[in-house]
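Let's take a friendly walk through a protein model together. Keep the sequence and the 3D view side by side as you read.

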Amino acid sequence: MTFSIFSSRKATAAVLLAGVAGLASSCKNYLDIEPTALTTTAATFSTVSGATSAVLGAYDPLSGDNTYGTRLSMYYPYDTDELIGSSGTFDTGRRGIARYKAYASNTEIINPWNNLYQGIERANVCIKYIPQMALYTTGASADTASLHRLYGESLTLRAQYYYELIRNWGDVPAQFSPSSYDQDFNLPNADRNQTLATLIADLATAEKLVPYRSGAGITNERITKGAVKALRARLALQRGGYSLQGNTMTRPADYATYYAIARQECLELLNQRKEHTLNPSFSDLWLGVNQQRHDTYNEIIFEVGMAGSTATGDSKLGYYNGPRLNNSPIYGSTQGAVTVVPTYFYAFDSLDVRRDITIAPYQYASGANVQSAVALNTLYDGKFRRDWHSPPLPGTNNYLGYNWPLIRFADVLLMFAEADNELNGPTAAGRAALLEVRTRAFGGNATRAALNVNTGSKANMFTAIVNERLLEFGAEGIRKYDLLRWNLLADRLASTKANLDLLRAGAAPYNTVPQYQYYKVVNGVVQWQRSFYRPSPAATPGGTTRVNWRQGIDATYVANLRPNGTAVTVGTTTVNSTGSGMAAEYAPGQGKELLPIPQTTLDTDPAIKQNFGY
């Protein structure tokens, strides 16, 4: 990867406190501290280099298996109308999360919760002690600027950690100072709207302290002003959106105040195009992520740095997800555990370049170095691909060093369009932001991009934005949380299941989808020989290989979208569901839009209450 401040994270991260408020007793060991790195708080916060090491320690929990390396990026955001988490009947692990039947004892819930609070604790230490340093106010100008930046980064990191907790668990304990041995560790659930309001105020402070990208020195994964402003907009939309209270999705009365904050933050970023803008090529953007090269347009505003091929510092992006590779001598192996909802493929216009980047309709058979096509019911997500890694990585190593993009400039454009429309209805500025994203998707063809996009009313503009975010951010862990804050999750899951049955039946709008597809392999790459939008021919075309297309969406596939054990009649066929399909166990009103508070936390903190429905 490119130079990263996280390359020696173990050496720099071990300077902070353990103990996470409200989670366990203070003797719980949350940090793997190397003895050679042990030091005192006073010594750490006596120099700029010491404070820098402390803040790098606060970045550290962003990476690794328990946060954005796997769980928060590839377990928690699915199932939705775009992607399906690891298929199969719900269990006590990742499939329980994906099917909306999670358990409080699930370690895939316990460990990320603990890691996020570990990040908050480390950030709290920095937030307390950095402003107390003499150098913060009386040092040389360079030292003062460095410490102000570090303080702003710490405020931003704390906001990111809490944002992740709130959008997954709702009302979580909130502590804004470091833990101490004499405190009351029995912390109750805090009102998420109050917590978000505090964090949004913190970020208003932080954005005054950190430089824009161009003033930040060497390119790396550290937070800059653009990241703070974009995150503040994201938190404001979360605060102004719907959230689960008990078993009801509700929206705060003061939501417009927060949409105004989001609009202003995005507008200010839209006026700083020398700092961040769209890469004109969607393909180049994602090839760059996989090839681990810097994007000169700086579209990715905030990303989690991954390195080291370890469970604590790296990511399984491109190994856990992406196209399935079966012991390819050149490209190695992957799990291909995340698959595409078949109707998502047909949500894209045929000329939208994003489809063939976001969706990978191929795999590598056992021992093969060339692609082979897959059926419509086994498409893979494609933004992170091991076979795009440069140089190729043969073998079975799980960690590819792929960074996780948290916020892109495309999100700023679409957040602006959304906030502006909510406050003002469709405006020229809002339409321009929406169409800028779409125009790139059509290779710069503005006329094609504007075709069939209805922005004539506030409701139509909102619908266009909902659809555009689906197409733009596939596999980036955004869709589920968008649907939740719009109170559209139940509606979209239900309509997607209904559309899958229409696809099975070959009914409109899927009446021209072929039952089979045909391909050749040219220079190791699948080349489809027929349109995805024309019925199959009577016979297999010469020199091609056939795969199931619509044929793969059968009665069993549709039945398995229902809860395990349900007898489902599809057409004239009755099938007992195994509950292995997209969101099979989801039902509105049961509280499953949020995850359960971990049982380990409930056991050690009697003041906290479990979420509704668990």
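## A buried charged pair

Asp202 and Arg158 are both buried. This is a predicted model, and in it the side chains of these two residues form a salt bridge, with 2.9 Å from N to O. Try finding both partners along the chain: Asp202 belongs to helix 9 (residues 192–206), while Arg158 belongs to helix 8 (residues 141–169). The two are 44 residues apart, and their pairing links distant parts of the chain.

## More salt bridges

Helix 9 also holds Arg192, which forms a salt bridge with Asp171; here the closest N and O atoms are 2.7 Å apart. Because Asp171 sits in the loop between helix 8 and helix 9 and Arg192 in helix 9, this pair ties together parts that are 21 residues apart in sequence. Both Asp171 and Arg192 are buried.

Now look at Arg355 and Asp356, whose side chains meet in a salt bridge of 2.9 Å, N to O. Is each partner buried or partly exposed? Arg355 has 6% relative accessibility, so this residue counts as buried. Asp356 has 45%, so this one counts as partly exposed.

How many salt bridges are there in total? The count comes to 42. Some residues are joined in a network of salt bridges, including Glu299, Asp352, Arg354, Arg408, Arg438 and Arg440.

## The nonpolar core

The largest nonpolar core has 163 residues. Which residues have the most contacts inside this core? They are Tyr76, Ile130, Leu165, Trp169 and Leu235. Helix 8 gives the most to the core, with twelve residues.

Tyr76 is a good place to zoom in. Leaving aside residues up to four places away in sequence, Tyr76 touches several others, among them Ile97, Ile109, Pro112, Trp169 and Leu595.

## Two helices and a strand pair

Helix 10 (residues 225–240) has 16 residues, and 22 Å separate its first C-alpha from its last, close to the 22 Å expected. This helix is mostly covered, with 16 of its 16 residues buried.

Helix 16 (residues 428–441) has 14 residues and reaches 20 Å from its first C-alpha to its last, close to the 20 Å expected. Its buried residues include Gly430, Ala433, Leu434 and Val437. An α-helix has 3.6 residues a turn, so residues three or four places apart point the same way. What covers the buried residues of helix 16? The cover includes helix 12 (282–291), strand 10, helix 15 (409–424), helix 17 (446–450) and helix 18 (458–472). After helix 16 comes Gly443, which has a positive phi near 65 degrees.

Strand 10 (residues 404–408) pairs with strand 4 (residues 300–304) in the antiparallel sense over four bridges. Find Val304 and you can spot its bridge partner in strand 10, Trp404. Strand 4 is mostly covered, with four of its five residues buried.

## Aromatic rings

A search of the whole structure finds 26 aromatic pairs. In one of them, the rings of Tyr344 and Phe348 have centres 5.0 Å apart and planes at 55 degrees, so the pair is tilted. Tyr344 and Phe348 are buried.

Phe384 and Tyr402 form another tilted pair, at 6.5 Å centre to centre and 35 degrees between the planes. They are 18 residues apart, in the loop between strand 9 (380–381) and strand 10. Phe384 has 0% relative accessibility, so this residue counts as buried, and Tyr402 is buried with a relative accessible area of 0%. Finally, look for one aromatic cluster that includes Phe345, Tyr346, Tyr510 and Trp528.

Methods
Residues are numbered from 1 along each chain as its sequence is written. This is a predicted model: local features need pLDDT of at least 70, side-chain atom pairs count only at pLDDT 80 or more; totals for chains, interfaces and linings use all residues. Side-chain values use heavy atoms; hydrogens and water are left out. A salt bridge is a side-chain nitrogen of Lys or Arg within 4 Å of a carboxyl oxygen of Asp or Glu. Buried means under 20% relative accessible area, exposed over 50%, partly exposed in between (1.4 Å probe, protein chains only). A nonpolar core is a set of buried Ala, Val, Leu, Ile, Met, Phe, Trp, Tyr and Cys residues joined through side-chain atoms within 4.5 Å. Contact means heavy atoms within 4.5 Å. The expected span of a helix is 1.5 Å times one less than its number of residues. Two strands pair if DSSP finds at least two bridges between them. Rings of Phe, Tyr and Trp (its six-membered ring) pair if their centres lie within 6.5 Å; planes under 30 degrees apart count as stacked, over 60 as edge-to-face and the rest as tilted.
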